[in-house]
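Please find below a colleague's note on the structure. The points take up backbone geometry, the protein interface and the two DNA strands in turn.

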2 protein chains.
Amino acid sequence: MDRTARRSENRYGNRPTMKDVAARAGVGLKTVSRVVNGEPGVTPDTERRVQEAIAALGFRRNDSARVLRKGRTASIGLVLEDLADPFYGPLSRAVEEVARAHGALLINGSSAEDPDREQELVLALCARRVDGLVVIPAGDDHRYLEPEIAAGVATVFVDRPAGKIDADVVLSDSFGGARDGVAHLIAGGHRRIGFIGDQPRIHTAAERLRGYRAAMEDAGIPVEDHWMSLGVTDPERVRRAAEEMLQGPDPVTAIFAGNNRVTVTVVRVLSEVDRSVALVGFDDIELGDLLRPGVTVVAQDAAQLGRTAAERLFRQLDGVTLLPERIELPTRLIRRGSGELPPAD
Amino acid sequence: MDRTARRSENRYGNRPTMKDVAARAGVGLKTVSRVVNGEPGVTPDTERRVQEAIAALGFRRNDSARVLRKGRTASIGLVLEDLADPFYGPLSRAVEEVARAHGALLINGSSAEDPDREQELVLALCARRVDGLVVIPAGDDHRYLEPEIAAGVATVFVDRPAGKIDADVVLSDSFGGARDGVAHLIAGGHRRIGFIGDQPRIHTAAERLRGYRAAMEDAGIPVEDHWMSLGVTDPERVRRAAEEMLQGPDPVTAIFAGNNRVTVTVVRVLSEVDRSVALVGFDDIELGDLLRPGVTVVAQDAAQLGRTAAERLFRQLDGVTLLPERIELPTRLIRRGSGELPPAD
DNA sequence: CCCGCATCTGACAACGTTGTCCAGGCCCTA
DNA sequence: TAGGGCCTGGACAACGTTGTCAGATGCGGG
């Protein structure tokens, strides 16, 4: 009959509200709100009574209502390709740290490299009214985000640029990194160098391919079509692609691997091959230094990517109006042995 | 002056509401709601007008308001130790997949193994009114969750049991796995076996230590204190601990490493040592098969842990009232060479 | 003793959505 | 043509919080 009894009829458990706390403490609703939010203007005695009621009832403020009222959610969304990919672990951790420093929570989802799923996720996050978005784009058309950005959702793209809209983007220098990596192989005496990478519709993959071509062209080496394998990342097909490059009339003496997953598989293949084949991979891989030979890589700093993007995001949120910018982080060639093997022929 | 003009005065951008859509389409508020939610009872013609207005205004439903009204958020929280740890990548991905299958979003945070931070995160998630929680506990006292669970927040602990409350938990058989791993070394002829693990206040670490002791005791081997190093995980100290075990009057001939991070560092140390020392690690590590020798591990299935926990969570949410249960998943010994090295003395 | 001021407190509306319920219009039948 | 049932649409309250504003209380000074 009384209020407490009525509450227990609620559908989902029976969480106390500020009203309940107020009733129990014998104060007004707004006073409870003041105590909960640490606002001034409450006598110590009143505050104590309210705190006791809060503790007794196990009250916890309902942030949904708060958000509705205040307009800000103190949460940001992170859409990436695959949470399980070791490349994204440090990246999301870095984004989380920055978010935490700004008192925001992180909601994240994996697009699985599917543009539709990316859009679905992003829009779901917008419906939750996240304050901002960090997106590693899977698709190449982000015009669907225009109304959201216009409505004030801060947005930063990472690792790959946004498609068909003008927005902030933070990425690694894929072109320069790949060019340097391939040039390193060329400097070591290699001329027949293979490239295994992802589909060129993925920006980073295309840039790395371009870097490969540029290094070859700079050295005056014509590239044979069958030295390049594009759009393969699953182990099975990478394996086959590598094996094919290593056979035939003019087999490659070195391979440039376009990302961490490709590198891992190529390492496996090369460990089973008699011949000594040089390898440089894009992205660092764990334990790369302990393999024999150590794996030479063009490393990018995933954590730095995430940190930079998140910081940019919160600068947007702090109300600074910034023109969309493209921030490119350098890569670093780490020599460990596999990239320094001389050509075997 | 008119409604549209007023809207643009809003603080945070100017997002259209259902009211705006209704005005533009010339229908009532509730009709817009019906269209947005796919409820029946709207003529095709009306629906078309509403859809047009939605598209023209760039309307997106405000889920905060929806949540406030409906009581469910369709989101679950995941609190783990460190998003960047390769062990948790597949785990969170698995949780995300299950959540997605149930139409829920995933909010996650890292506790950094700090009980206070865990509690802070968990309570922040509860304030957001997540429907459920998957928690990899850092602390050992979770009574602070009692009011939340009573209020209907479904909760499942993973990897380690909850402290001082009765709740679902999904974990790997740390004790059995460690015992088997150590027994494997003993079967290979080792008697002086070292153990390097995390602080025993962490349940998994304690269980693995217990497994180590059990295997030794089963074989009738008394354990020397200086064979065990507890509470060290940072590379520097693991390195020192390993080096100490390998020196002195009765140096160990084999090491059991208590988790993936320890294993990696021990592999590094052993690669610099002349002597041949056997190694079995808990947790699989990437590329463990490519090292020479390959790294023998007691593998647990992180994805399966996450999947099992999340499915249990949604079963709770589907209204099935279940008694708290402890689900233990088996581990698997993977022989790759390092665990099969004979004792060197 | 009363006034004015400062301090503390509470009533009320609003945030944007959904559930309830009723009104009006249509078609069908008697 | 009147009556009944069905379908569509809309008015209104409620979800739990916060911002606004005004009322109550207490205190010191004239």
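In which loop of chain B is Pro293(B) found?

1. Pro293(B) is found in the loop between strand S9 (278–282) and strand S10 (296–299) of chain B; helices (H or I, at least four residues) and strands (E, at least two) are DSSP runs, numbered from the N terminus. The peptide bond that leads into Pro293(B) from Arg292(B) is cis, with omega near -5 degrees. In chain A, the bond from Arg292(A) to Pro293(A) is likewise cis, with omega near -5 degrees, and Pro293(A) sits in the loop between strand S9 (278–282) and strand S10 (296–299) of that chain.

2. On the basis of the note: this is a predicted model, in which local features need pLDDT of at least 70 and side-chain atom pairs count only at pLDDT 80 or more, while totals for chains, interfaces and linings use all residues. Residues are numbered from 1 along each chain as its sequence is written, chains are lettered from A and ligands numbered from 1 in the order in which they are written, and side-chain values use heavy atoms, with hydrogens and water left out.

3. Two residues other than glycine deserve a check of their backbone. Most residues other than glycine have a negative phi, and most peptide bonds are trans. Ala112(A) has a positive phi, near 55 degrees, and lies in the loop between strand S2 (105–110) and helix H7 (115–127) of chain A. Ala112(A) is partly exposed, with a relative accessible area of 35%; buried means under 20% relative accessible area, exposed over 50%, and partly exposed in between (1.4 Å probe, protein chains only). Arg129(B) has a positive phi near 60 degrees and belongs to the loop between H7 and strand S3 (132–135) of chain B. In contrast to a partly exposed residue, Arg129(B) is buried, at 11% relative accessible area.

4. The interface of the two protein chains comes next. Here 64 residues of chain B are in contact (heavy atoms within 4.5 Å) with 64 residues of chain A. The two chains bury about 5,700 Å² between them, 52% of it on carbon and sulfur atoms; buried area is the accessible area (1.4 Å probe) that two parts lose on being put together, summed over both. On the chain B side, Arg15(B), Arg128(B) and Arg129(B) lose the most area to chain A, together 12% of what that side buries.

5. Across this interface the rule finds 14 salt bridges, a salt bridge being a side-chain nitrogen of Lys or Arg within 4 Å of a carboxyl oxygen of Asp or Glu. Arg60(B) and Glu148(A) form a salt bridge through their side chains (2.7 Å, N to O). The rule also finds 28 residue pairs in polar contact, both at pLDDT 80 or more. A polar contact is a pair of N or O atoms within 3.5 Å; within protein, one must be able to donate a hydrogen and the other to accept it, and residues adjacent in sequence count only if both atoms are side-chain atoms. H7(B) gives the largest share of the side of chain B that touches chain A, 8 residues.

6. DNA strand C is surrounded by 27 residues, the closest being Gly28(A), Thr31(A), Thr46(A), Met18(B) and Arg69(B); a residue is near a strand if one of its heavy atoms lies within 4 Å of it. Sugar and phosphate make up 61% of the atoms of DNA strand C that come within 4 Å of the protein. A side-chain N or O atom of Thr46(A) is 2.4 Å from a phosphate oxygen of DNA strand C, a distance that the reader may wish to inspect. Lys30(B) instead places a polar side-chain atom 2.9 Å from a base nitrogen of this strand. H5(B) supplies the largest share of the surface near DNA strand C, 5 residues.

7. DNA strand D also has 27 residues around it, and the closest are Met18(A), Ser33(A), Arg69(A), Gly28(B) and Thr46(B). Sugar and phosphate account for 59% of its atoms that come within 4 Å of the protein. Thr31(B) has a polar side-chain atom 2.9 Å from a phosphate oxygen of DNA strand D, while a side-chain N or O atom of Arg34(B) lies 2.9 Å from a base nitrogen of the strand. For DNA strand D, the largest share of the nearby surface, 5 residues, comes from H5(A).
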